[in-house]
Amino acid sequence: MSETESAAAAPVAAAESKPRRLRGHKKGAVTCCVASSARPGVVASSGEDGCLCWFDLRTKDALLTMEAANKPISSICFKPGNEDFVYISAGNEILSFDVRMGTQSKPLETYNYNRDEINQIAVSSKGFLAAADDSGDVKIVNTIQKCLYKRLREAHTSICSSVQFIPWRPWTAITGGLDSKLAAWDFSKGRTLFSIDYGSPELQNGSSSGSAGQCFNPAFVHSVAVSEEGILGGLYKGPPRAAILTTRSKGAELGDGSCNQSRAKRIHLDYTMGGHTAAVSCVIW
């Protein structure tokens, strides 16, 4: 490539690497953003303005902006197998919409089983919907029979901030909370399979490298993410495992959901390995 061609290509490459800013919400913060697994490039977001926005990254503007609620929307998720349907949570209420109806879409389903504000919702391929709320409870709703299926309680002593289903274990769910606990559930029976307290002195001071670090912030569990395919392509048959994000001043921590908390293995990705030197807000595989 000649010098002239290189000079001409440089601005193009810089433009392509510049982050996209998606605009669609009227005011306030964007509270949740999820990407479609069935439609590459499609992203849905929710905000404090009570709106649901639908984006296609191949276009410039929002494809759809729907006034879904008259209060802030805390969480949004697609319905597995049919991503034209989305579920949202607003306050202590869950609503579902068919986005093909456009701005005139009305709620198809409404659930009011949670007593406190919902922080996150998740839907399984079996048609179960989980909602984690400020009371520490998780409500499991059967969306096929339109009824409350189970109430998961007593594992968390504070706000339950996150909930996810395990795709390769259809009756297992994982929850995390601001009590620094991670819990795995057999939600068909409404009982815990195991629980890990990331705020315990043993886990606070232990280290896989043998060096103890100092913790300035509580080990709150803000988010839980689960692999779609399972460990080693679904070959793993042991206890469910999840990546736990804890807000700390010096790095992100990857926890291993072992049934025996005293033997839990951990990997510290901190500033000594060239990582973050301030609070970590997000982690993804």
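This short talk walks through one four-stranded sheet in the model above.

Before the strands themselves, please keep in mind that this is a predicted model, in which local features need pLDDT of at least 70, side-chain atom pairs count only at pLDDT 80 or more, and totals for chains, interfaces and linings use all residues. Residues are numbered from 1 along each chain as its sequence is written, and side-chain values use heavy atoms, with hydrogens and water left out.

The sheet is open, and its strands (DSSP runs of E, at least two residues, numbered from the N terminus) come in the order β5-β6-β7-β8, with antiparallel pairing, where two strands count as paired if DSSP finds at least two bridges between them. β5 (73–78) and β8 stand at the edges with a single partner strand each, so one side of each is left without a neighbour in the sheet.

Let us go across the sheet from β5. Five bridges link β5 to β6, and here I73 stands opposite A90 in β6. Strand β6 (residues 85–90) is then joined to β7 by six bridges, with V86 facing F97 of β7. These two strands, β6 and β7, form a hairpin with two residues between them, and in that turn G91 has a positive phi of about 65°. On the other side, β7 pairs with β8 (residues 109–111) over three bridges, and S96 stands opposite E109.

How many residues of strand β7 are buried? Five of the six residues in β7 (residues 93–98) are buried, so this strand is largely enclosed by the rest of the structure; buried means under 20% relative accessible area, with a 1.4 Å probe and protein chains only.

Note on methods. Buried means under 20% relative accessible area, exposed over 50%, partly exposed in between (1.4 Å probe, protein chains only).
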